[in-house]
Amino acid sequence: MKIKVFYIFLFALTVNLAVANSHSIFNLKIGKYPIEIKDSIAIDNLYFKVVRDGALFSSSNTPNIGTRIIAALDIIKFKSSRGIINIKRGEIAVFNENEFYEVPKGSYFEIALKKNHPELEKLSEWLEPTKNKMVYEDNEFRVFEERLNPGDTRELHSHAQRVVVRLNDVQLTDPRVHPNGKSGAGMQVANTVKYAEPMVHVTKNLSKITLFNIVFEYKIKW
C-alpha cells in the first residue's frame, strides 16, 4: 500500500512539475497551495518588482511588499479574497497588502510596489499629462491608460518613477529633439514592460496606430 501511495505521489509530482509557458515558469502543487518556481522576473529594483505570467506575491502581508496589481495581456479569470476576478487585455486588478489571490493562469504581469523604497525624486516642475484615462488612484500611486492617436503629440508633461506595460507596437519621439523620429529609436514592443525614471518631456506618436500603454506611477507629494 505504501509503495502504491508513493508512486501516485511521484506521478502527481511529475505531472505538476511542467513548463507553464515559454517564459519557463514551473508549477509545483503539493496539497492545496501552489509553489511557483520562476525565472520570469522582468523588473526588480528599489521601487518595483514585476513578474511575467506568474505571481510571487499572491499571499497577503508579504514583508516589504504593499499593493500588487495584475495587468492582463489576455482574458484571465482567478479567485481572490474579493471573489472571482475577470479581466481582459489592458485591464487591471488592484490588491492591497491585506488581500490575497490565486496565482492566475494565462498571460499577464504582476506589479508589486515595494514599501521601503527610497524617497521619490521631486522634479523641478510638475506638468500633468493630458489625453490619458485614469483607471485607479490612491494616496501612494496611480494607474492610467496612456493613449495617443497616430501623429498626435502630448505636450510638455511630467512623470514620477513608473512601470509601463506596452500593449502595441508603436514608435515615439520627443519632437523637440527628433521631430520625425530617429531610426531604430523610440520603438515600443507589444507585451513588454519597462521601468522609467522621473522626467519632463514631450511625446509624439509616429505610428499609424494609437499608442496604448498602462502606466503604474508613484505619486510625488508637492
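These questions and answers walk through the cores and one sheet of a predicted model.

Reader: Which element gives the largest share of the largest nonpolar core?
Author: This core has 22 residues. Elements that give two or more residues to it include β5 (48-52), β10 (108-114), β14 (162-166) and β19 (211-218). The largest share is 4 residues, and it comes from β19.

Reader: Which residues is Val165 in contact with, leaving aside its neighbours within four places in sequence?
Author: Val165 is one of the residues with the most contacts inside the largest core, and Ile111 and Phe216 are also among them. Contact here means heavy atoms within 4.5 Å. Leaving aside neighbours within four places in sequence, the partners of Val165 are Leu73, Phe109, Ile111, Thr192, Val193, Asn213, Ile214 and Phe216.

Reader: How many residues does the second core have?
Author: This core is separate from the largest one. Phe78, Ile85, Phe95 and Val103 are among its members. Its count is 12 residues.

Reader: Which strands are the edge strands of the open sheet?
Author: The sheet has 5 strands, with antiparallel pairing. Their order is β4-β5-β10-β6-β9. An edge strand pairs on one side only, and that picks out β4 (41-44) and β9 (92-95).

Reader: By how many degrees are neighbouring strands of this sheet turned against each other on average?
Author: The pairing in this open sheet is antiparallel. The angle ignores direction. On average, the turn between neighbours is 15°.

Reader: Which residue of β9 stands opposite Ile69?
Author: β6 and β9 run antiparallel. They are joined by 4 bridges. Opposite Ile69, in β9, stands Val94.

Notes: Residues numbered from 1 in each chain as written. Predicted model: local features only at pLDDT ≥ 70, side-chain atom pairs only at ≥ 80, totals over all residues. Heavy atoms only, no water. Core = buried A, V, L, I, M, F, W, Y, C linked by side-chain atoms within 4.5 Å. Buried < 20%, exposed > 50% of the residue type's maximum accessible area, 1.4 Å probe, protein only. Pairing = 2+ DSSP bridges. Axes fitted to C-alpha atoms, helices over the stretch in contact; angles between N-to-C directions.
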